[in-house]
Amino acid sequence: PGTEQFLKELKKKLQNPFLIGFGIKSRQDVEFYSQYAAGVIVGSAFIKFLENSDESKIVQNIKRFVQELRGY
């Protein structure tokens with residue numbers, strides 16, 4: 001609840017769009033934070049994903065990862 005209130009206030013006060021990039025690892029995170037920000041940044045979750053991916057299918061796996069975050 002504190003995070004949501006903080007983001008509501010931040011969105012009201014800032015004149016420029018902003019991105020959120022801490023703890024984004026799932027479609028639910030993307031949906032939640034996109035309500036308040038112009039976008040999200042996926043860092044650590046993407047690196048972990050790459051570390052656990054089959055290198056021979058890396059392009060297909062990255063596409064799937066992004067599609068899952070986007071919801072399509």
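Let's start with a term: a residue counts as buried when its relative accessible area is under 20%, as exposed when it is over 50%, and as partly exposed in between, using a 1.4 Å probe and protein chains only. By that yardstick Gln60, at 49% relative accessibility, is partly exposed.

Before going further, know that you are looking at a predicted model, in which local features need pLDDT of at least 70, side-chain atom pairs count only at pLDDT 80 or more, and totals for chains, interfaces and linings use all residues. Residues are numbered from 1 along each chain as its sequence is written, and side-chain values use heavy atoms, with hydrogens and water left out.

Now for the overall layout. The protein chain has four helices and two strands; here helices (H or I, at least four residues) and strands (E, at least two) are DSSP runs, numbered from the N terminus. Walk along the sequence and you meet them in the order α-β-α-β-α-α. The radius of gyration of the protein chain is 14 Å, well over the 11 Å that the globule rule gives for 72 residues, so the chain is more spread out than a compact globule. That radius is taken over C-alpha atoms, and the rule is 2.2 Å times the number of residues to the power 0.38. If you boxed up the C-alpha atoms along the principal axes, you'd need roughly 45 × 20 × 20 Å.

What about the surface? Of the 72 residues in the protein chain, 22% count as buried. The accessible surface of the protein chain adds up to about 5600 Å², and carbon and sulfur atoms hold 55% of that; such areas come from the Shrake-Rupley method with a 1.4 Å probe, and for residues only the protein chains shown count as cover. As for charge, the protein chain carries 11 positive and 8 negative side chains, with the centres of the two sets 6 Å apart. Lys and Arg count as positive and Asp and Glu as negative, while His and the chain ends are not counted; each charge is placed at NZ of Lys, CZ of Arg, CG of Asp or CD of Glu.

Next, some individual residues, beginning with Lys11 in helix H1 (residues 2-13). Lys11 is partly exposed, at 45% relative accessible area. Setting aside neighbours within four places in sequence, Lys11 is in contact (heavy atoms within 4.5 Å) with Phe18, Gln35 and Tyr36. The side chain of Lys11 also reaches the backbone oxygen of Gln35 at 2.9 Å.

Now hop to helix H2 (residues 27-34), where you'll find Val30. Val30 is buried, at 11% relative accessibility. Not counting residues up to four places away in sequence, Val30 touches Ile24, Val40 and Leu69. The C-alpha atoms of Val30 and Leu69 are 39 residues apart along the chain, yet 6.8 Å separates them.

Follow that link to Leu69 itself, which sits in helix H4 (residues 58-70). Leu69 is buried too, with a relative accessible area of 10%. Beyond residues up to four places away in sequence, Leu69 touches Lys25, Ser26, Arg27, Val30 and Val42. From Leu69 to Gln28 is 41 residues in sequence and 8.1 Å in space, C-alpha to C-alpha.

Helix H4 is also home to Gln60, our opening example. The C-alpha atoms of Gln60 and Gln35 are 25 residues apart along the chain and 29 Å apart in space.

One last stop is Ser53, in the loop between helix H3 (44-51) and H4. Ser53 is buried, with a relative accessible area of 14%. The side chain of Ser53 reaches the backbone oxygen of Phe49 at 2.8 Å. Leaving aside neighbours within four places in sequence, Ser53 is in contact with Ile58 and Asn61.

Key. Polar contact = N/O pair within 3.5 Å; in protein donor to acceptor, adjacent residues only side chain to side chain.
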